[in-house]
Structures are given as structure tokens and as C-alpha cells.
Amino acid sequence: MDFRLTDEQELLRRSVREFAETELRPHVMEWDEAQEFPRALLGKFAALGLMGIQFPEEYGGAGMSSVDYCLCIEELARVDPSVCLSVAAHNGLGASHIFMFGTEAQRRQYLVPLATGQQMAAWALTESSAGSDAAAMRSSAARDGSDWVINGSKQFITHGRTGNVIVVMAVTNRAKGNRGISAFIVEHGTPGFRAGKKENKLGMRASETSEVIFENCRVPASQLLGAEGQGFINALQVLDAGRIGIAALSVGLAQGAYEAARSYAFVRRQFGQAIGTFQSIRAKLVDNAVRIEAARLLTYRAAAMKDEGRRTTLEAAMAKLYSSEIAVRAAEDGVQIHGGYGFVKDYPAEKYFRDVKLTTIGEGTSEIQRLVIARQLLAS
Ligand SMILES: Cc1cc2nc3c(=O)[nH]c(=O)nc-3n(C[C@H](O)[C@H](O)[C@H](O)COP(=O)(O)OP(=O)(O)OC[C@H]3O[C@@H](n4cnc5c(N)ncnc54)[C@H](O)[C@@H]3O)c2cc1C
């Protein structure tokens, strides 16, 4: 067992950190307030390999490992969790589904523009009445000659409005339950596809989230993604990997919140001394540092197992559950250590506190992670 990163991984961490500090840090609040993802930066993200982190070079990707992926995501989230959420959803959901289950032709046509940052991906599973119970979806797709006709709507879709390509799950055979759901690739601009309401969110505001609507949206059979009836099963496999990304995002966000609080604690003086010399403030900082390190190790373990080609359902759920919950505590303690200055937008603590709540909700809530873990550990 070797806990050290390789020299290449240290270099990767440094490069992404430098990029985030230079290109993201100065604009974090501007994008939060505008509720806009900095699309103009896609070329720069792509130049660092961040739009196709884990995809092979033959599909325009950077061919990095899952551990490398965690390093990139952590470093982006440390500075701007909401921009990072968009990068993680693009890589880990939409593009990943196409890579994992697409045909060679689909990978060439759709994955290459995504991995090279010319386009952004969206992934649509959730519906207004089917969130945690996603298999209860109502959206359907019916075969008509050589086409599929999709009807229904999806809720809370990252890049629902701005994504160029959307992977959508829909029922193709209701009698077969979750084995009667299929996935489809839909291009933005296809007649019958439109974005609905854009959500005005508590946090993660630079990452666009919208409803998407399908009204007799016709796609050719060549846009069925994976085998017919396997869409939901495949979506769960995508989520196993995606959750490692949300765990890494949580670790990075927690690290950013912790560092901001630590710096502030040695600048702010009360009672004639830096607040960072008070025992209760030191205990908060130390406890967060320990929890963040534990979360990081759980996350890297899940990623390393994925790199070995092993199944990670249990480890990814553990990493996601723990990392997101300790990130909430780190962000909350960050505000507390800033006192009143943590409650205003002039300091980063306020934004970490708003952004962090998504991590215990997106890609499966904490309650659902506990169900997944219980199924693995407590099967009788
Ligand atoms: C910013 C943002 C971005 C998102 N991006 C995407 C995206 O790109 N694509 C996509 O498909 N979805 C996306 N989602 C949706 C997200 O995955 C869902 O919000 C999440 O899965 C929870 O579903 P829900 O909101 O319907 O909550 P519900 O399922 O209604 O849950 C409400 C509460 O009940 C609890 N609960 C539900 N079932 C159980 C149970 N069996 N046992 C115990 N407790 C339970 C939940 O844990 C939660 O606390 C996004 C959401 C947000 C907020």
C-alpha cells in the first residue's frame, strides 16, 4: 500500500491548482451572481484535458486515471465548487455514459466534441415525481419505424439549457420495470426538445440547472445508447463512477473552506490575540483537517479500485456519503470561524456554505447512499 502520489500526479495537482487560482478565483462571485458558467473558458479547460479527463486520447480525452480525475476535480472545487460541478457532470455523467455504453460510431460522433471542449454534455435521469426513486420515471420512448419518439420531462438537469448533447433515460417497456428503461442521445436543437424553467438556486449557481421537455421528440434508432432496456442499469453504473467525482468535489470544497478559515483565523484578532490561538477555534480547524484527510483517503481508495477495474458500488457510496457530510461541517465551521464576516459575500466562506449543500443531495442523497451501503453490507 503506497499513499504517495506520483511525481506526475503532483505536477497535475499543481497545474490544475494554478489554473483555478488564475482563471477562476478572480471571477467566482461574478459567475455566482450572474448564474452563468464561464463558457468562454471551455478552450482553456480542454487545453488542460479537463473536458475529457478519463477518456482515451483516441476520443480526444486526456487518458487520465480515476485517481487523476479526483485530483483535478478537488483542485477546481477548492476554488469554485459550482464551476467544478459543471465539469464533473459533463465528464462523469453525460460524456461518461456515451463512453461506457456508446458504439464506436457514437463515441466518434458525440464523445470527441465533448472531450475536446467544443461541446458540453447533459444527463437526464431525474423527473419531478421520480427523484431518489428514479426508476419510477414517466418519460417514455416508443419505436416508430426506424425512429424513437420521446415524450416527457426531466427535472434539475445540469446543462439542460446549455448542453449541446443530452443523454436521456426513458421507459421503452413499462411491463419490464427498471429493465424496461433505455437511454438515448438527443442533440440540442432536435425538434420536440426544449429546455423549461431554469432553476434559481441556493448555491452552485454558476452551474446551470434546468427542466427539459420532450414533446414527440424524434431521434433515429442510431441514437439509442446501450442495449434497449438497459438504460437504467447502465445509469446506475455511470452513477457508481460519478459518485467518486462528487466525493472528490466535496473533499476539494471542504479543503477550500478549511483553508479560508485557517487563513482568517490568523489575521482576525480579538481580545488582543489572533482568534486562531483560541483553543476552541484550533479544535475546529484540527477536526476539519482530520475529517478532510479521512474523506480524501476514502475517495482515493474508491478511485484506485475503479482504476483496477473493480466494482465500486460500496466504496463509491461510502466516499460520497462521508465526504459530502464532512464538507457540510467544514463549510459551516468556516462561516462560524469568520463570525459576522462569514455571513457576508465579501469572504469566500459564505459561498462554500451555500454550494456545499448540493453535495449531500446530487447523484443520490445521503439517505440513498446509506441504502446503497446497507444493501451491500447488511444483505441477509
Ligand atoms: C443542482 C442540482 C443538479 C442536479 N443535476 C442533475 C442532473 O444533471 N441529472 C439528473 O438526472 N438529476 C440531477 N439532479 C437531481 C438530483 O439527483 C436529485 O435532486 C436527487 O437525486 C434527489 O431527488 P429529489 O430531489 O426528487 O428528492 P426526493 O427523492 O424527493 O427526496 C426527498 C427526501 O426524501 C429522502 N428519501 C427519498 N427516498 C428515501 C428512502 N427510500 N429512504 C430514506 N429517505 C428517502 C431523500 O433522501 C430526501 O431527503 C440535480 C439536482 C440538483 C439540486
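Two rings of Phe, Tyr or Trp count as an aromatic pair if their centres lie within 6.5 Å, and planes over 60 degrees apart make such a pair edge-to-face. The views below show a predicted model.

**View 1. Aromatic pairs, with Phe19 and Phe45 as the example.** The structure holds 10 aromatic pairs. In the pair formed by Phe19 and Phe45, the ring centres are 5.2 Å apart and the planes meet at 70 degrees, so this pair is edge-to-face. The two residues bring distant parts of the chain together, since Phe19 belongs to helix H1 (residues 7-24) while Phe45 belongs to helix H3 (residues 42-47), and 26 residues separate them.

**View 2. Polar contacts between side chains and the ligand.** Thr126 places a polar side-chain atom 2.7 Å from a nitrogen atom of the ligand. Thr365 also contributes a polar side-chain atom, which lies 2.6 Å from an oxygen atom of the ligand, and an N or O atom in the side chain of Glu367 is found 2.8 Å from an oxygen atom of the ligand. The ligand taken alone would expose 970 Å², and the protein buries 64% of that area.

**View 3. The shell of residues around the ligand.** Of the 18 residues that surround the ligand, the nearest are Thr126, Ser132, Phe156, Thr365 and Glu367. Two or more residues of this shell are given by each of strand S1 (121-124), strand S3 (147-158) and helix H11 (366-377). Sorted by class, the shell is made up of nine nonpolar, six polar and three charged residues.

**View 4. The second largest pocket and its lining.** The second largest pocket holds about 360 Å³ of space. Its lining consists of 15 residues, of which Asp2, Val67, Tyr300, Arg301 and Ala304 are the closest to the centre of the pocket. Helix H8 (residues 279-307) supplies the largest share of this lining, with six residues. When the lining of the second largest pocket is divided by class, eight residues are nonpolar, two are polar and five are charged.

Key
Residues are numbered from 1 along each chain as its sequence is written. This is a predicted model: local features need pLDDT of at least 70, side-chain atom pairs count only at pLDDT 80 or more; totals for chains, interfaces and linings use all residues. Side-chain values use heavy atoms; hydrogens and water are left out. On a 1 Å grid over the protein atoms alone, a cavity is a set of points where a 1.4 Å probe fits but cannot get out, and a pocket is an open set with protein on both sides within 12 Å along at least five of seven lines; lining residues have an atom within 4 Å of a point. Grid points are joined across faces, edges and corners, and a volume is the space filled by probe spheres set on the points. Helices (H or I, at least four residues) and strands (E, at least two) are DSSP runs, numbered from the N terminus. Ala, Val, Leu, Ile, Met, Phe, Trp, Tyr, Cys and Pro count as nonpolar, Asp, Glu, Lys and Arg as charged, and the others, Gly among them, as polar. A residue is near a molecule or strand if one of its heavy atoms lies within 4 Å of it. A polar contact is a pair of N or O atoms within 3.5 Å; within protein, one must be able to donate a hydrogen and the other to accept it, and residues adjacent in sequence count only if both atoms are side-chain atoms. Accessible areas come from the Shrake-Rupley method with a 1.4 Å probe; for residues, only the protein chains shown count as cover. Rings of Phe, Tyr and Trp (its six-membered ring) pair if their centres lie within 6.5 Å; planes under 30 degrees apart count as stacked, over 60 as edge-to-face and the rest as tilted.
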